[in-house]
Amino acid sequence: MQELPRITGDRVALRPITDADTDHIVAWRNTPSVMQNFIFRQTFTPEMHRNWLATKVATGQVVQYIIEDKADGRPVGSVYYRDIDPANHSAEYGIFIGEENARGKGFGTETARLFTEFGFTVLGLHRISLRLLAENLPARRSYEKAGFAEEGLFRDMVLLDGRYRDVVFMAKLAP
């Protein structure tokens with residue numbers, strides 16, 4: 001697997017994830033305000049994260065980065081490509097801002113722009129897709145600002161917290 005570069009923008013810096021990030025990832029993923037936007041809602045453990053690193057990240061099936069606030073170097077979230085399909089030059093995008101005081105500041109939108117550009121130019125992707133719960137309007141606006149377009153609404157696709165939820169599929173294609 002190629003060595004992954006550090007990616008720097010105006011307000012964020014992105015660096016490849018390491019095992020040392022486990023405590024942050026576990027804490028963020030178990031925060032109710034983060035968990036509510038995930039379809040996978042099982043309590044996240046350090047063992048689950050280390051297994052993800054060993055079986056997905058280390059094998060290149062996933063490319064995952066830590067998002068840092070460029071002003072102070074503080075980790076604030078994570079961004080990744082999963083289900084990377086080399087034959088079709090496609091992957092699924094995922095992001096979360098784990099630090100509550102870092103939300104609503106444009107970090108997610110800037111990260112989406114930087115990481116999709118990296119996906120197209122460095123990883124050779126042609127299509128980057130994502131899915132989100134339809135009620136997650138802040139994320140949807142951020143994705144639209146970063147160039148993602150809605151491709152479909154899947155009604156009552158998942159059962160979460162005792163009720164069915166709609167899932168929106170979006171994608172961005174290489175220029």
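Author: Before we start, a charge sits over a ring if NZ of Lys or CZ of Arg is within 6 Å of the ring centre and within 35 degrees of the ring normal. This is a predicted model, where local features need pLDDT of at least 70, side-chain atom pairs count only at pLDDT 80 or more, and totals for chains, interfaces and linings use all residues. Residues are numbered from 1 along each chain as its sequence is written, and side-chain values use heavy atoms, with hydrogens and water left out.

Reader: Over the face of which ring does arginine 29 lie at 4.7 Å from the ring centre?

Author: Arginine 29 has a ring at 3.9 Å, centre distance, and that one is phenylalanine 38. The ring at 4.7 Å from its centre is phenylalanine 44.

Reader: How many aromatic pairs does the structure hold?

Author: Rings of Phe, Tyr and Trp (its six-membered ring) pair if their centres lie within 6.5 Å; planes under 30 degrees apart are stacked, over 60 edge-to-face, and the rest tilted. On that count the structure holds 13.

Reader: How many residues apart in sequence are the parts tied together by tryptophan 28 and phenylalanine 96?

Author: That pair is edge-to-face, at 6.2 Å centre to centre and 75 degrees between the planes. Tryptophan 28 lies in helix α1 and phenylalanine 96 in strand β5 (DSSP runs numbered from the N terminus: helices are H or I, at least four residues; strands E, at least two). So the parts tied together are apart in sequence by 68 residues.

Reader: Are tyrosine 93 and phenylalanine 115 buried or exposed?

Author: Buried means under 20% relative accessible area, exposed over 50%, partly exposed in between (1.4 Å probe, protein chains only). By that yardstick, tyrosine 93 and phenylalanine 115 are both buried.
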